[in-house]
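Biologist: Hey, could you walk me through this model? I'd like the plain version.

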Number of protein chains: 2
Amino acid sequence: MNARELYKEILKKRSCLCIGLDTDPRRIPLHLQRDAEPLFAFNRAIIDATIDLAVAYKPNLAFYEAQGPEGLKQLEKTVDYIRSQDPNVLIIADAKRGDIGNTAELYARAFFIHYDFDAITLSPYMGKDSVAPFLQFEGKWAILLALTSNAGAGDFQLRSLESGELLYERVMLESSGWGTTDNLMYVVGATKPAHLKRIREILPSHFLLIPGIGAQGGSLDEVLEHGWNPLGGLLINNSRGIIYAGEGRDFDEKARQAALQMVESFRIRQGF
Amino acid sequence: MNARELYKEILKKRSCLCIGLDTDPRRIPLHLQRDAEPLFAFNRAIIDATIDLAVAYKPNLAFYEAQGPEGLKQLEKTVDYIRSQDPNVLIIADAKRGDIGNTAELYARAFFIHYDFDAITLSPYMGKDSVAPFLQFEGKWAILLALTSNAGAGDFQLRSLESGELLYERVMLESSGWGTTDNLMYVVGATKPAHLKRIREILPSHFLLIPGIGAQGGSLDEVLEHGWNPLGGLLINNSRGIIYAGEGRDFDEKARQAALQMVESFRIRQGF
């Protein structure tokens, strides 16, 4: 899927919502905890309830890896299920990997071929050769951490370099030459809206994946005001605010309501 | 295991060798490729041949994840097997993770409790809250990427900050306060020996995990000259140079010879 095709999906669904599948066994409703595959059973219900509202799903790998091999089986089934329900949804592995060339290549094959993800989040710390192997796959995306939504973002990402920029700005400037607007996106936390304006000066055309709306407190309005571009350019993620909107048997209906509320705010704000 | 106990193992085995289990199915000798669990069969033979020479083993997660859930089962068996052969060997998950607090916590539980690793490599890009959860486990270690051995290290790690240091130096200065010399190590590539002297000025007491000897061309002598400290302070890793030293039925014997050669160089150089 390239940037134009992704934008087409955004227009079709009138939504730029990405739903984060941070599926925590301790937060799965009781009646699903007895299921042989509780993570998958939970995800399937969330997907069924939201597939017409979301242009992307983003399973966070940690939640599946924490369950050992069994968790990864349920991740595989989740990816396959999303694909079977809507082949045009972007499926993002929130993996935050970053390793030297030969290892990065293995990860790329694992996530893009074995699991059939469309995109993967990556840490830029190890530089170009840790990212380049992910840019060799037609229609697949590397999503680089630039300015993250957590408190620790200030520790290094916001450091000033001798050359004048902040570290995350240098990451964007440097890495944008490694790929194209069709295979490279950036993670920018909604909790740092003041930076979005500057980011659009540096990278007017790239898609940005925006976490931090909802549980982490970012504002949808501010993100849209500074981040929207002529090809859409935004995937706005919400994880816990949607998937844990309810706790009982109607958790999927509650998740749909939470997703719909975000999507409606988006539609009104954008006049869609 | 704390730093003093690790040093005791180094003295006992007269070795600071860490063997990287970057076990690639395409490079496993033919006679093992028919095994039901080829990664584990390969690892077990390598471990049997080298357990008296290595103070640490470092499975690179990518190689197991690339095989899907089945690969992770063989990783589990590998960790258990090392533990059963020598309970005092440090087992490092070369995972290079880095994620926000609640996710980092899950990874910590997955790697330290589910898999029973002693240590995990982490990317520092997301800052303190991405590392802190790994420092809450008695006797376990977080190993932060500081200056890596790959070409891309120059893209960001060697950038000068406005405050005067290089980025990797700032990572060390800043993060060393997050933990202690008993739960925090750093990755420093052997391909950058000129920096080791400066690193020992910043962090005289911390253990360093040194990749890049062997296939990547780093020099053992230079690493020992600048990096050794009164508690040892070094784990020197070799992956491909040892585990792929041979290709045939005697691959384990060839691996032992390669490991022994490194360990003997170390013993002669240090007078052990």
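Modeller: Sure, here is a quick tour of the chain contact, the barrel and one helix pair. It's a predicted model, where local features need pLDDT of at least 70, side-chain atom pairs count only at pLDDT 80 or more, and totals for chains, interfaces and linings use all residues. Residues are numbered from 1 along each chain as its sequence is written, with chains lettered from A and ligands numbered from 1 in the order in which they are written.

Biologist: How many residues does each chain put into the contact?

Modeller: Chain A gives 47 residues and chain B gives 47 residues. Contact here is when C-beta atoms, placed from the backbone, lie within 7 Å.

Biologist: And which element of chain A gives the most to that side?

Modeller: α6(A), with seven residues. Others that supply at least two residues each include α5 (69–85) and β3 (90–97) of chain A. Helices are DSSP runs of H or I with at least four residues, strands are E runs of at least two, and both are numbered from the N terminus.

Biologist: What's the chemistry of that side of chain A?

Modeller: 19 nonpolar, 15 polar and 13 charged residues. Ala, Val, Leu, Ile, Met, Phe, Trp, Tyr, Cys and Pro count as nonpolar, Asp, Glu, Lys and Arg as charged, and the others, Gly among them, as polar.

Biologist: How are the two copies related?

Modeller: A rotation of 180° with 0.0 Å of shift along its axis puts chain A on chain B, at RMSD 0.0 Å. The copies are thus related as by a two-fold rotation axis. The superposition is by least squares on C-alpha atoms of residues with pLDDT of at least 70 in both. Also, 100% of the interface residues of chain A are interface residues in chain B too, so the copies meet through the same surface.

Biologist: Switching topic, what do the strands of chain A form?

Modeller: A closed barrel of eight strands, β1 through β8 in order, with parallel pairing. Strands pair if DSSP finds at least two bridges between them. For instance, β3(A) and β4(A) pair over three bridges, and A:Ile92 stands opposite A:Ala119 in β4(A).

Biologist: Last one: how do α11 and α13 of chain B pack?

Modeller: At about 45°, with axes 11 Å apart. Axes are lines fitted to C-alpha atoms, for helices over the stretch in contact, and angles run from 0 to 180 degrees between N-to-C directions. B:Leu220, B:Asp221 and B:Leu224 in α11(B) meet residues of α13(B), including B:Met262 and B:Phe266.

Conventions. Contact = placed C-beta atoms within 7 Å.
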